[in-house]
Amino acid sequence: MRVNCPNCESKAIITSRENQSADVADLYCSCTNTKECGATFVTTIAFKHYLNPPRKDTAQMAASLIKRLSKNQQLQLLNS
């Protein structure tokens, strides 16, 4: 992951991280352009949503749907 300085747009280094919750964290950063900027700042990173769900979740969802089918429908699904 790359973080840029909000002041000069130079590359910044993440010096530490503080989790606010399971999906949100504050990143403490330092600008690498020390001659002209040298800013230190905090930026927040957050999980938004999946583009493709994890395989485990997909398998659990499929198993749950199959369990709702009748035994006959389950057999038909396996034989197709």
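**Entry 1: Asp 26**

I started with one contact: the side chain of Asp 26 reaches the side chain of Thr 44 in a polar contact of 2.9 Å. Before going on, I noted to myself that this is a predicted model.

Where does Asp 26 sit? I found Asp 26 in strand 3. I then looked for a second polar contact from that side chain, and there is one to the side chain of Gln 20, at 3.1 Å.

Next I asked which side chain of opposite charge is nearest to Asp 26. It turned out to be Arg 17, 9.5 Å away. Asp 26 is buried and has no salt bridge. A salt bridge would need the two charged groups within 4 Å, so I crossed that idea off for Arg 17 at 9.5 Å.

I also listed what touches Asp 26, skipping neighbours within four places in sequence. The list has Ser 16, Arg 17, Glu 18 and Gln 20, and then Val 42, Thr 43 and Thr 44. Glu 18 showed up again when I checked pairing, as the bridge partner of Asp 26.

**Entry 2: Gln 20**

I followed the 3.1 Å contact back to its other end, Gln 20. Gln 20 lies in the loop between strand 2 and strand 3.

Is Gln 20 buried, exposed or in between? I read a relative accessible area of 44%, so Gln 20 goes down as partly exposed. Leaving out neighbours within four places in sequence, I have Gln 20 touching Ala 25 and Asp 26.

I also took a distance to Ala 46. Gln 20 and Ala 46 are 26 residues apart in sequence, and their C-alpha atoms are 9.6 Å apart in space.

**Entry 3: The sheet**

Time to place those strands. I see an open sheet of four strands in the order 1-2-3-4, with antiparallel pairing. Which strands are at the edges? They are strand 1 (3-4) and strand 4 (40-46), and each pairs on one side only.

I went through the pairs one by one.

- Strand 1 and strand 2 run antiparallel and are joined by two bridges. I noted Asn 4 in this pair, with Lys 11 in strand 2 as its bridge partner.
- Strand 2 (residues 11-19) and strand 3 (residues 24-31) are antiparallel too, over seven bridges. They form a hairpin with four residues between them. I wrote down Ile 13 opposite Ser 30, and Asn 19 with its bridge partner Ala 25 in strand 3.
- Strand 3 and strand 4 are antiparallel and have seven bridges. Ser 30 came up again here, with Thr 40 in strand 4 as its bridge partner.

A reminder from class that I put in the margin: in a regular strand, side chains alternate between the two faces of the sheet.

**Entry 4: Glu 9**

I went looking for odd backbone angles and stopped at Glu 9. Glu 9 is not a glycine, yet its phi is positive, about 70 degrees.

Where is Glu 9 in the fold? I located Glu 9 in the loop between strand 1 and strand 2. Those two strands make a hairpin with six residues between them. Is Glu 9 buried or exposed? Its relative accessible area is 54%, so I marked Glu 9 as exposed.

**Entry 5: The cysteines**

Last job: how many disulfides are there? I counted zero. A disulfide is a covalent bond between the sulfur atoms of two cysteines. The cut-off I used for the sulfur pair is 2.5 Å.

Why does Cys 31 miss out? Its closest cysteine sulfur is in Cys 8, and at 3.5 Å that is too far for a bond. I checked its surroundings as well: Cys 31 has 5% relative accessibility, so it counts as buried.

Why does Cys 37 miss out? The closest cysteine sulfur to Cys 37 belongs to Cys 5, and because the gap is 3.7 Å, it is too far for a bond. Cys 37 is partly exposed, with a relative accessible area of 23%.

Methods: Residues numbered from 1 in each chain as written. Predicted model: local features only at pLDDT ≥ 70, side-chain atom pairs only at ≥ 80, totals over all residues. Heavy atoms only, no water. Pairing = 2+ DSSP bridges. Buried < 20%, exposed > 50% of the residue type's maximum accessible area, 1.4 Å probe, protein only. Lys, Arg positive; Asp, Glu negative; His and termini not counted. Polar contact = N/O pair within 3.5 Å; in protein donor to acceptor, adjacent residues only side chain to side chain. Contact = heavy atoms within 4.5 Å.
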